[in-house]
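Colleague: I should like to learn how to read a few local features of a model. Might we take them one at a time?

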Amino acid sequence: MAKLEHGILWLNLDDNTWAIGKRALSKHGYFLRVVDSIAAKQDHSEPVFIFTWDEGLIGIGLATWGIRQGLRQRQIRISNFHEVDIAYDALEVLWDVSADFTPPFFRTEPDRVKGARADTFLAQLAELDPRVSEGVEAITGLVVAVEQSITRSSVDEIGAFERDAIASALEVWGGAAVRKKVLLTASGRPTDEAAPFLSQLPNARLREDAAIVQDLHVFPGMEAFRRYVVGAVEFEGHGEKLTVVNCNRTRAEENLGVDLIYYSHKFASFVMVQYKSLRLERERKYVYRPQSDGSIGKEIHAMEAVRRRAGIEKDDTLDGFRLYSDPFFFKLCKSEAVNPLSTKMSHGIYVPLAIWRATCDHAKGPRGAIALTWENCPRKLSREEFIRGVRNGWFGSNRTASMVISDLLKQSLEGNRLAIFAATSAIDVTPEQSRDELGRFTSADDPLATN
């Protein structure tokens with residue numbers, strides 16, 4: 001089991017505070033407390049042991065120290081919670097109450113157990129509940145990943161864009177709160193090189209799981225990519241299921257980019273995003289140079305071939321109407337390291353394929369060189385504008401075009417690229433699943449409500 005460099009950080013909570021924290025963990029993936037700063041480590045993340053008087057040691061989480069609150073207090077965020085169960089009586093037996101140091105569970109403020117006492121106590125806790133070792137290993141691995149993300153100079157661009165593609169799909173499906181909550185659950189250590197970020201998510205199933213293939217029916221046209229599937233993960237909520245599938249057709253070091261293909265069963269609509277990296281150049285500017293990108297010409301040709309076959313016809317039905325019925329977008333992103341604890345998405349802008357050539361012409365210099373930056377793309381979408389348009393069915397293919405696109409997906413994904421497929425599907429919701437975390441129905445779901 002990993003040693004704790006700063007000893008054991010112990011946080012005591014009363015029952016009411018834990019009830020509030022438990023709801024926050026379920027809803028947001030974290031909860032906040034303001035505590036005495038004497039135990040704080042400046043800008044440091046570490047494991048924290050959570051204790052309540054009624055239940056004893058209930059879990060191990062990731063403590064991230066935040067801003068100061070007055071002279072002696074700091075905000076602390078608890079996330080990545082790992083449940084354990086060691087009763088108060090068992091803890092009291094473990095601790096030598098005759099020692100000079102008061103047991104941490106007798107104190108009202110955060111405390112630390114240090115040195116040899118911490119090592120002994122940790123080993124004793126692990127004997128009582130093996131999940132203690134698992135929680136400590138998971139949290140310390142995440143802390144190491146955070147420190148590496150801060151210090152490393154090179155960027156795993158494919159991994160960063162895979163993370164952003166999955167985060168985009170989550171936000172389109174469930175909103176910013178769902179995206180933040182899921183990103184907080186990611187562990188710090190990828191377990192699969194072909195799906196670096198997906199493999200960090202809980203309940204992700206990797207290539208050896210045959211059940212992945214059984215789920216691909218939710219995504220029209222996925223049959224062509226079955227042999228490339230390396231991982232999948234599912235999320236449920238609000239009567240829908242989101243299935244995210246990673247298709248990696250080459251080794252990561254040979255990968256030329258990332259695509260996100262999003263399918264909404266509600267609107268029978270495809271939206272396809274191709275990522276392009278903005279590189280840091282002189283004068284601290286981030287630039288994308290399409291003339292130096294050997295794959296851009298083939299990619300645009302494949303996209304336009306799909307457009308011609310699918311057709312961009314007007315559809316005035318309620319579910320079929322679109323403000324922009326072309327499914328293709330480019331996302332221009334900074335290539336930068338990602339802090340594993342961050343719930344943010346990559347900074348970037350979206351440019352529709354329909355105005356891509358006009359955008360490049362606008363950015364062309366006097367000698368014909370094209371250098372795209374955020375500033376010289378006059379018609380672009382922010383992340384919020386793009387997410388809102390996809391979620392509400394304003395962007396993407398209509399039902400007729402989607403039927404054709406599902407048969408032409410392979411043509412649109414030529415080259416060695418990582419593809420993130422995200423598809424929604426309807427699920428049956430029982431009355432109990434319609435309740436919120438407090439057990440209440442919405443008026444629409446309440447079986448006793450009258451019209």
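Modeller: The discussion below takes burial, backbone angles and surface charge in turn. This is a predicted model, in which local features need pLDDT of at least 70, side-chain atom pairs count only at pLDDT 80 or more, and totals for chains, interfaces and linings use all residues. Residues are numbered from 1 along each chain as its sequence is written, and side-chain values use heavy atoms, with hydrogens and water left out.

Colleague: Which residues of helix α10 are buried?

Modeller: Buried means under 20% relative accessible area, exposed over 50%, and partly exposed in between (1.4 Å probe, protein chains only). Helices (H or I, at least four residues) and strands (E, at least two) are DSSP runs, numbered from the N terminus. In α10 (residues 383–391), the buried residues are Arg383, Phe386, Ile387, Gly389 and Val390. They line one face of the helix, because they fall within an arc of 165° seen down the axis of α10; the arc is that of the directions from the helix axis to the C-beta atoms. Gly393, with a positive phi near 75°, follows α10.

Colleague: Where does Asn80 lie, and is Asn80 buried or exposed?

Modeller: Asn80 belongs to strand β5 (residues 73–86) and counts as buried because its relative accessibility is 10%. Its phi is positive, near 50°, although the residue is not glycine. Ala268, another residue other than glycine, also has a positive phi near 50°. Ala268 sits in the loop between β10 (258–264) and β11 (269–281) and is buried, at 3% relative accessible area.

Colleague: Where is Asp14 located?

Modeller: Asp14 occupies the loop between β1 (8–13) and α1 (15–28). With 42% relative accessibility, Asp14 counts as partly exposed.
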